[in-house]
Amino acid sequence: MRVLLIGANGYLGRFVADRLLADPAVQLTALGRGDDADVRFDLATGSPGALTRFFDAVHPGVVVNCAGATRGGARELTRHNTVAVATVCEALRRSGCGARLVQIGCGAEYGPSQPGSSTAEDAVPRPGGPYGVSKLAATELVLGSGLDAVVLRVFSPAGPGTPAGSPLGRLAEAMRRAMQSGDGELKLGGLGAQRDFVDVRDVARAVHAASLSAAQGVINIGSGRAVRLRDAATTLARVAGYGGALHELDGHHGPLRSTIGHPRSESDHASPVAYPYPDGCGSWQQADVRTARDRLGWRPRINLEESLADIWMEAACRI
């Protein structure tokens, strides 16, 4: 099976590439903006016609799109998350290759949900920020394209390679700094959000399964369990061997000593601000993952403690 992977150098794409390369039946070609891609192409600026000619030359059976942006303003997010997907869909429609499309969506497309609930694929999406809006628009383009396509709505990925700027990455960095400086207590803000964390290697397994399946439409990829960021911090402290006290800050406590991702400073005397989880999904998100089990034969295998241990290993090696 010839698979074309777009975004192979991204956080998710690297693990998807590893998973696909481990399958001897897969012949993988990577397309991207970097020099190490097999083919250099920028989806945000390249034309559908040029991409069509490439599809016709390579003739992939499956196209996996892991490319996209998680940061930036509305214009940048739209260009990389929506316009890019429109280019892929149009090129596939024009091409004679007949490839199946596996698009990586995200849980932020749903927006806030009721605490205690599990979000299924038939929930009405109400994204709470420009990132979720740009990804939802991409999903709608894929679903309306008439292509053989599936969208995997990945909830909160975790594990090795977690970006240092993500909530879990910032948490690990704050703990590393505390241990390095010998702080006996770590004061953190913004730990109230509850999210469905899924290991990036399990996400890669889901992409592999979706590439081989005939499933179409939207499929949630998550652990099926919401975890409070406060509890993730406690677990991280345990795997890191941090013996100090963890204190959660909110607007009613004293001076701000350290917020996730913000180094402690003696000049920090303002009251801490609530730093909302940056995906526009409010205080709670939990995936209903029964469709992935039923249609892909997929279940998550790696627990959050293992994911956090890998995040910590990378943070601890940082100079």
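**View 1. The second largest cavity of the predicted model.** The second largest cavity has a volume of about 40 Å³. The count of cavities of 30 Å³ or more comes to two. Lining residues of the second largest cavity are Thr162, Ala164, Gly169, Ala172, Ile311, Glu314, Ala315 and Arg318. Helix H5 (167–181) and helix H9 (304–316) are the elements that each give two or more residues to this lining. Helix H9 supplies the largest share, three residues.

**View 2. The open sheet of seven strands.** The strands are arranged in the order E3-E2-E1-E4-E5-E6-E10, and their pairing is parallel. Strand E3 (39–40) and strand E10 (217–221) are the edge strands, each pairing on one side only. At the E3 edge, strand E2 (residues 27–32) pairs with E3 in the parallel sense over two bridges. In this pair, leucine 31 stands opposite valine 39 of E3.

**View 3. Helices H4 and H6 against the sheet of seven strands.** In the sheet with the order E3-E2-E1-E4-E5-E6-E10, strand E2 and E3 are joined by two bridges. Helix H4 (residues 130–143) packs on this sheet and touches strand E5 (100–106), strand E6 (149–154) and E10. The direction of H4 makes about 160° with that of E5. Helix H6 (residues 200–212) also packs on the sheet, where H6 touches strand E4 (62–65), E5, E6 and E10. For H6, the angle with the direction of E5 is about 150°.

**View 4. The open sheet of three strands.** The strand order is E7-E9-E11, and the pairing is mixed. Strand E7 (156–158) and strand E11 (226–228) form the edges, and each pairs on one side only. From one strand to the next, the twist averages 55°. E7 and E9 run parallel and are joined by three bridges. Serine 156 stands opposite phenylalanine 197, which lies in E9. Helix H6 packs on this sheet too, touching E7 and E9, and its direction makes about 65° with that of E9.

**View 5. Aspartate 199 in strand E9.** Aspartate 199 belongs to strand E9 (residues 194–199). The relative accessibility of aspartate 199 is 2%, so the residue counts as buried, the cut-off being under 20%. The side chain of aspartate 199 makes a polar contact with the side chain of arginine 201, at 2.7 Å. Leaving aside neighbours within four places in sequence, aspartate 199 is in contact with Ala158, Gly159, Pro160, Ile302 and Ser307. Among these contacts, Ala158 falls within the range of edge strand E7 (156–158), and Ser307 falls within that of helix H9 (304–316).

**View 6. Cysteine 97 in the loop before strand E5.** Cysteine 97 is found in the loop between helix H3 (74–94) and E5. With a relative accessibility of 11%, cysteine 97 counts as buried, because this value is under 20%. Not counting residues up to four places away in sequence, cysteine 97 touches Phe55, Asp56, His59, Pro60 and Leu92. Of these, Leu92 lies within the range of helix H3 (74–94). Cysteine 97 and glycine 61 are 36 residues apart in sequence, and their C-alpha atoms are 7.1 Å apart in space.

Key
Residues numbered from 1 in each chain as written. Predicted model: local features only at pLDDT ≥ 70, side-chain atom pairs only at ≥ 80, totals over all residues. Heavy atoms only, no water. Pairing = 2+ DSSP bridges. Helix = DSSP H or I, 4+ residues; strand = E, 2+ residues; numbered from the N terminus. Contact = heavy atoms within 4.5 Å. Axes fitted to C-alpha atoms, helices over the stretch in contact; angles between N-to-C directions. Buried < 20%, exposed > 50% of the residue type's maximum accessible area, 1.4 Å probe, protein only. Polar contact = N/O pair within 3.5 Å; in protein donor to acceptor, adjacent residues only side chain to side chain. 1 Å grid on protein atoms, 1.4 Å probe; cavity = no way out; pocket = protein on both sides within 12 Å on 5 of 7 lines; lining within 4 Å. Points joined across faces, edges and corners; volume = space filled by probe spheres on them.
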